[in-house]
Amino acid sequence: MTASGTLVLDNGASLLKAGLASHKDPLVMPNAIMKAKSERRRPFIGNQIDECRDASGLFYILGFQKGYLVNWDVQKTVWDHVFGKDCLGLNLSRLNVVVTEPFFNFRSVQEAMSEMMFEEYDVAGLLRANAGDLCVAAEPARPDNLCCLLVDAGYSFTHVVPYIQGKKRREAIRRIDVGGKVLTNHLKEIISYRQLHVMDETYVMNQLKEDCCFVSQDWRRDMKQAALPPADNPILRHYVLPDFTSLRRGYMKPRDPAAAPAAEGEQLIRLTNERFSVPELLFHPSDVGIQQMGIPEAIVEAVSACPPETWPHLYRNIRLVGGSSRFPGFRDRVYAEVRALAPDELPVKVTQPEDPVTCAWRAGAKLAGESRFSSRLVTRAQWEEHGFNICLDTFDV
Amino acid sequence: MGSRVRAASYVVLDEAARRRRQRKALEALELDNFHDDPHANLVMHKKAPKFDESLDGKTRPDRKRKARSFEYFKQRFRKTFSSLLEEEQQLEPDPPNYTSAAARPSARPERHLCAVCGFPSTYTCVQCGTRYCSARCLHTHQDTRCLKWTS
């Protein structure tokens, strides 16, 4: 049966981005089941968390572990909610589905994903791809983007992936095991030690990290400035924690050296070096003891693992995607460090799409409308005849 | 006063113990939750009717008979990350694979940060090896964390 549309599902470990390819924007929601201590009768699935009045001490149940999908109970529950009448209201049996997977996805997880889609959801056709592959394939071919060096900074890890003429070079892929999860956990730990016990408050601390943290352009200088007294300190800020009665979402107070910090009944967190030392882990994982190189060094290593004639093309087309690339100053810092490490005669250019989180979804939606799309799908008829082997032949994951 | 009191029971952690602690700290960075499930020990009222407890909190009166039921999936595909990784390493022992893609240690020297305040540190606690930057941070560390739990 021919499909009447395409569902694009960017299945991330933290956020799930889903929607029909014909839609303008995807639905973005946490890919998790959350339990609140204030609401004992029901768990919250995905975007139902917006209905929760008191999100303190939120307990997360994630389907992903270390970036790979291991818990199908959880994932199916979330997907049923997304495809059901509360969200998209779709019947997958009439649709083609584009779903994303992490790089080097385990064979058994690939099998499980294919079976789940064809047997449980009855999809008309399936395309499994890495999110990065979609981002690169959607770019129109120009002379300056024959090759692309993609940096996907996600929740579980960060991958540096060279693409040569649209195809990823597997032996040159590098994975840094630092992602949004490590950053938020580190932030929780240092705040819990220095000020207030927040180890249980993943939801609130994640918002704090997104609101207040930035990537430093000069670590030494910022460390010196963060230690200065409040009047001269450009980095010091206070963050107002939500109390879920009058204030539902925390916010960072603007810099005001003169005013007294705490108003009536406000709970404040004082932030100095935490603002930039947390995202610094993406550049120096050794700051917390993770014995791996940071993103700029990994970029240079990944490029060096490719043939020398591709190096100029890779360095001049570095793209940053993924949620953890949204820190202010991230792009400039990556450029500065790569420029310093890369050979002088090669041009270096680092770009970021407008929305790094939905970039892969938009790329998938664009691809679904192109003529080459149907050749990359596995249809239900093909699945029934050949089983998983056809997936091994067709998909490049 | 602080150092004289400590002299009575002077413990210094050796290299192996310090490494074990570091590993525990790194594992803690990978956790999803630091507290227990708040819904874990709900005591139901004795007279409440027994519904079919399913994960999304809803009852499912209309379970369609599929070619393979959902129970089959739960059984077949429930594995831990480490067993999946082992399986994968046997399937794909040669690079490029998941293991070979891991970034190697950096060529740059490690930067040391004070465990108490986060600013650059130059000193190390003699007993447990934690970094600190000043006498004040050292005293905070000794009062709160130093050797305060075993691992």
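Let's start with a pair of strands in chain A. Strand 4, residues 32–35, pairs with strand 5 in the antiparallel sense, over 2 bridges. Within strand 5, A:Ile45 stands opposite A:Ile33. Keep in mind that this is a predicted model.

Now the sheet around that pair. It is an open sheet of 3 strands, in the order 5-4-6, with antiparallel pairing. Strand 5 (44–45) and strand 6 of chain A are at the edges, each with a single partner strand, so one side of each has no neighbour in the sheet. What lies across these strands? Helix 1 of chain A, residues 72–83, lies across strand 4, strand 5 and strand 6. Helix 1 runs at about 95 degrees to strand 4 of chain A.

Strand 6 has another contact. Strand 6 (59–62) is among the elements that the buried residues of helix 5 of chain A pack against. Others include helix 4 (180–194), strand 15 (237–240) and helix 7 (274–277). Helix 5 itself covers residues 202–212. Its buried residues include A:Val204, A:Met205, A:Leu208 and A:Cys212. Here is the general background: an α-helix has 3.6 residues a turn, so residues three or four places apart point the same way.

On to the next sheet, also in chain A. Here 6 strands form an open sheet in the order 3-2-1-9-10-20, and the pairing is mixed. Strand 3 (27–30) and strand 20 (378–379) of chain A stand at its edges; each has a single partner strand, so one side of each is left without a neighbour in the sheet.

Look at strand 1 of chain A. Is strand 1 of chain A enclosed or open? 6 of its 6 residues are buried, so strand 1 is largely enclosed by the rest of the structure. Both faces are covered. A:Thr6, A:Val8 and A:Asp10 are buried on one side, and A:Leu7, A:Leu9 and A:Asn11 on the other.

Strand 1 has these pairings. With strand 9 of chain A, the sense is parallel, over 4 bridges. A:Leu9 stands opposite A:Val99 there. With strand 2 of chain A, the sense is antiparallel, over 5 bridges. A:Leu7 has A:Leu20 of strand 2 as its bridge partner. Strand 1 and strand 2 of chain A form a hairpin, with 3 residues between them.

Now the end of the sheet with strand 20. Strand 10 of chain A, residues 125–130, pairs with strand 20 in the antiparallel sense over 2 bridges. A:Leu126 stands opposite A:Val378. Helix 11 of chain A, residues 359–368, packs on the sheet and touches strand 1, strand 2 and strand 10. Helix 2 of chain A, residues 107–120, lies across strand 1, strand 9, strand 10 and strand 20. Helix 2 runs at about 150 degrees to strand 10 of chain A.

Next, some backbone details. Most residues other than glycine have a negative phi, and most peptide bonds are trans. A:Phe104 has a positive phi of about 55 degrees. A:Phe104 sits in the loop between strand 9 and helix 2 of chain A, and is buried at 6% relative accessibility. A:Asp122 also has a positive phi, near 60 degrees. A:Asp122 is in the loop between helix 2 and strand 10 of chain A, and is partly exposed at 35%.

Finally, chain B. A cis peptide bond joins B:Pro95 and B:Pro96, with omega about 0 degrees. On the surface, B:Tyr10, B:Val12 and B:Val126 form a nonpolar patch, with about 300 Å² of accessible area together. B:Tyr10 is partly exposed, at 49% relative accessible area.

Terms used:
Residues numbered from 1 in each chain as written. Chains lettered and ligands numbered in written order. Predicted model: local features only at pLDDT ≥ 70, side-chain atom pairs only at ≥ 80, totals over all residues. Heavy atoms only, no water. Buried < 20%, exposed > 50% of the residue type's maximum accessible area, 1.4 Å probe, protein only. Contact = heavy atoms within 4.5 Å. Pairing = 2+ DSSP bridges. Axes fitted to C-alpha atoms, helices over the stretch in contact; angles between N-to-C directions. Patch = residues over 30% accessible without salt bridge, like charges linked within 9 Å, V, L, I, M, F, W, Y side chains within 5 Å. Areas by Shrake-Rupley, 256 points an atom, 1.4 Å probe, with all protein chains shown as cover. Salt bridge = Lys/Arg side-chain N within 4 Å of Asp/Glu carboxyl O.
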